[in-house]
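You asked for a short note on this structure. The points below are meant to be read with the model open.

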Amino acid sequence: MTDPAGTAADGLPGVARLRSHQWFGGGGLRAFSHRARTRQLGYLPEEHLGKPVIAVLNTWSDVNPCHIHLRERAQAVKRGVWQAGGFPLEFPVATLSETFQKPTPMLYRNLLAMETEELLRSYPVDGAVLMGGCDKSTPALLMGAASAGLPAVFVPAGPMLPGHWRRGVLGSGTDMWKYWDERRAGLIGDAELAELENGLARSPGTCMTMGTAATLTAAAETLGVTVPGASSIPAVDSGHARMAAASGRLSVDLVRRDLRLPAILSREAYEDAVAAVLALGGSTNAVIHLIAMAGRSGVRLTLDDFDRIARTVPVLADLRPGGRYLMEDFHFAGGLPGFLTRIRDVLHLDRPTVAHPTLREQLADALVHDSAVIRPRDRPLAAEGGVAVLRGNLCPDGAVIKHIAAEPRLLRHTGPAVVFPDYRTMQRTIDDPSLGITPDHVLVLQNAGPRGGPGMPEYGMLPLPRHLLEQGVRDMVRISDARMSGTSYGACVLHIAPESYIGGPLALVRSGDPITLDVAARTLRLEIPDAELARRRAAWTPPPERYERGYGALYNEQITQADTGCDFAFLARGGDTPDPYAG
Ligand code: FES
Ligand code: MG
């Protein structure tokens with residue numbers, strides 16, 4: 001960046017190159033005003049002038065249990081920024097609490113991405129530290145920062161401690177679903193439920209299974225935008241504060257080296273992130289988020305990339321919901337650096353990260369300490385990556401299934417559909433014995449996609465009918481245009497595109513229609529004649545729009561389908577945004 005006034009106020013080398021110098025440098029009225037207002041903030045000139053300004057974007061909130069420690073952790077980030085000769089400014093940004101925000105934080109991912117981009121652009125900022133981790137906050141922060149194009153380091157919130165109940169270990173999400181099914185089957189009483197309520201989530205931090213949070217923070221580390229090893233450090237471990245301080249120091253260093261996010265977020269980096277996510281047996285949500293993040297980086301990532309890469313990597317992390325262990329076990333088994341050594345052959349080792357000139361150097365000292373948690377290549381959990389991409393007349397633009405978390409007998413299955421037109425109807429009627437649902441039926445949920453949900457809620461793991469649970473049935477084929485929590489499991493076909501709400505073929509399914517799922521062949525088919533489908537399509541009428549005004553109306557107008565990442569069209573498209581002239 002050049003100094004519009006053409007002078008460097010304090011004569012320090014490189015100062016005039018700082019973006020923030022446009023605000024503070026030179027002899028004009030504006031710079032005088034900006035300096036006076038920084039005195040008002042309580043800082044002496046020598047505390048900030050000529051120093052890289054680091055925006056610390058903090059998603060802390062009283063309502064977000066996964067980020068409740070980030071208020072304190074921001075102090076460690078600032079400590080690191082100061083140590084390295086930078087000047088930190090903390091920005092409180094929107095919090096996306098997976099637990100509390102309705103209808104789903106997915107509705108607001110793009111809002112946080114916009115906030116991130118515009119704050120970084122409109123304030124005197126040279127670089128950023130992005131603090132997040134609860135599910136959508138990771139892609140949101142990185143999408144916005146990628147569009148802003150500044151140097152940035154991501155600080156993952158870190159997983160919470162393992163849950164406990166009596167003598168057993170509990171995984172957040174995963175064991176909640178499991179014990180709720182046990183409760184519905186009549187096997188868990190009120191007293192046990194109260195104990196579970198106390199034991200499921202026992203510290204600050206993100207879900208400690210390989211759910212969406214752990215998947216996306218691992219993807220961020222693989223992309224190369226974190227301190228190495230950051231993503232699995234437990235939220236309350238003192239190592240987490242040390243990592244936060246190191247991230248602050250690194251952010252200043254990145255500004256000095258002018259190493260910006262776009263130089264890190266290459267096609268190679270995204271392919272590596274896809275490989276890591278698939279080999280981790282990670283969340284299906286990563287498919288949508290990585291496609292959207294790549295789009296902001298000018299990289300066209302597609303569902304076909306996921307399917308292609310899935311065939312090159314086995315699943316090696318024995319983590320719930322697909323496996324046995326939790327994130328703390330993964331951390332002490334070597335964490336992501338150790339894990340990446342297991343798939344070194346498919347990675348692009350010559351690309352840069354924020355911490356090292358090449359990924360090769362970053363992984364040079366990495367080791368796996370526990371081959372039960374991080375399996376060797378010759379003892380994988382599954383021979384192929386954890387997510388399969390399906391095509392067929394029911395999902396012309398694709399669908400996904402996390403087949404490693406399903407009962408294998410269902411991976412090739414034909415059965416009659418039981419159609420629920422929306423989530424509320426499904427909730428109200430799923431236990432109704434008169435529906436005559438058998439274990440062979442295929443449960444179909446409509447209108448739960450990006451526009452229909454709205455926000456593509458995590459409805460995709462449809463509950464099983466109570467009478468089948470009582471008979472011991474624990475999995476069935478379920479299909480929808482919804483997403484599924486990364487901590488969920490089952491033979492659930494998700495992200496069907498185009499969605500039913502805009503007239504995708506899923507809208508045309510009727511109860512009794514045979515549906516065939518064949519994961520090995522990567523197909524999902526509605527077994528009715530084309531002519532009948534065409535007749536139903538001609539008779540289909542679009543439902544009314546969900547929102548008449550406000551953010552929801554903007555969302556409706558701009559949201560793209562799951563196969564292209566559910567970004568807003570006006571944010572995803574290319575083109576330049578001018579930097580504000582601050583002088
Ligand atoms: Fe926040 Fe799971 S609810 S990470
Ligand atoms: Mg989740």
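The points go from the domains to the core, the sheet and then some single residues.

1. Status and domains. The model is predicted. The domain assignment divides the protein into domain 1 (18-46), domain 2 (51-161 + 203-363), domain 3 (164-199) and domain 4 (388-539). Domain 2 is thus given in two segments, 51-161 and 203-363. Taken over C-alpha atoms, the centres of domain 1 and domain 4 are 58 Å apart.

2. N-terminal annotation. An unreviewed UniProt entry places the feature "domain: Dihydroxy-acid/6-phosphogluconate dehydratase N-terminal" at residues 51-361. In the model this span is 47% helix and 9% strand. The C-alpha atoms at its two ends are separated by 29 Å.

3. C-terminal annotation. The UniProt entry, again unreviewed, has "domain: Dihydroxy-acid/6-phosphogluconate dehydratase C-terminal" over residues 373-566. Helix makes up 16% of this span and strand 18%. Its end C-alpha atoms lie 33 Å apart.

4. Nonpolar core. Which residues have the most contacts inside the largest nonpolar core? They are Ala128, Leu130, Ala145 and Leu290, in a core of 167 residues. Helix H12 (residues 267-279) gives the most to this core, contributing 9 residues. Domain 2 (51-161 + 203-363) and domain 4 (388-539) each supply at least three residues to the core.

5. Surroundings of Leu130. With neighbours within four places in sequence left aside, Leu130 is in contact with Leu57, Leu141, Leu142, Ala145, Ala152, Phe154 and Val155. One of these, Ala145, is also among the residues with the most contacts inside the core.

6. The sheet. An open sheet of 8 strands runs in the order S7-S8-S12-S11-S10-S9-S13-S14, and its pairing is mixed. Strand S7 (388-390) and strand S14 (523-526) are the edge strands, each pairing on one side only. On average, neighbouring strands of the sheet are turned by 30° against each other, direction ignored.

7. Strand S11 and its neighbours. Strand S10 (residues 442-445) and S11 run parallel and are joined by 4 bridges. Within S11, the residue opposite Val444 is Ile479. On the other pairing, S11 and strand S12 (residues 492-494) are parallel, with 2 bridges. There Arg478 stands opposite Cys492 in S12.

8. Faces of S11. In a regular strand the side chains alternate between the two faces of the sheet. Strand S11 (residues 477-480) has Val477 and Ile479 pointing one way and Arg478 and Ser480 pointing the other way. Are these residues buried or exposed? All are buried, Arg478 and Ser480 included.

9. The antiparallel pair. Strand S9 (residues 412-420) pairs with strand S13 (residues 514-518) in the antiparallel sense, over 5 bridges. Gly415 has Ile515 in S13 as its bridge partner.

10. Cis peptide bonds. Most residues other than glycine have a negative phi, and most peptide bonds are trans. The bond joining Lys102 and Pro103 is cis, with omega about 0°. Pro103 is in the loop between strand S2 (87-92) and helix H5 (109-122). The bond from Ala497 to Pro498 is also cis, with omega near -5°. Pro498 lies in the loop between S12 and S13.

11. Positive phi. Met456 is not a glycine, yet has a positive phi of about 55°. Met456 is in the loop between S10 and helix H19 (466-470). Why does Met456 count as buried? Because 29 other C-beta atoms lie within 10 Å of Met456, and the cut-off for buried is 20 or more. Arg522, another residue other than glycine, has a positive phi near 60°. Arg522 is in the loop between S13 and S14. With 15 C-beta neighbours inside 10 Å, Arg522 counts as partly exposed.

12. Asp253. This residue is in helix H10 (residues 238-257). Asp253 has 18 other C-beta atoms within 10 Å and is therefore partly exposed. Asp253 and Arg109 are 144 residues apart along the chain, and 29 Å separate their C-alpha atoms.

Note on methods. Residues are numbered from 1 along each chain as its sequence is written. Chains are lettered from A and ligands numbered from 1 in the order in which they are written. This is a predicted model: local features need pLDDT of at least 70, side-chain atom pairs count only at pLDDT 80 or more; totals for chains, interfaces and linings use all residues. UniProt positions are given in the numbering used here, feature names are shortened, and annotations may be inferred rather than shown by experiment. A nonpolar core is a set of buried Ala, Val, Leu, Ile, Met, Phe, Trp, Tyr and Cys residues joined through C-beta atoms within 7 Å. A residue is buried if 20 or more other C-beta atoms lie within 10 Å of its own, exposed if 12 or fewer, and partly exposed in between; C-beta atoms are placed from the backbone. Domain bounds come from an automatic or database domain assignment. Two residues are in contact if their C-beta atoms, placed from the backbone, lie within 7 Å. Two strands pair if DSSP finds at least two bridges between them. Axes are lines fitted to C-alpha atoms, for helices over the stretch in contact, and angles run from 0 to 180 degrees between N-to-C directions.
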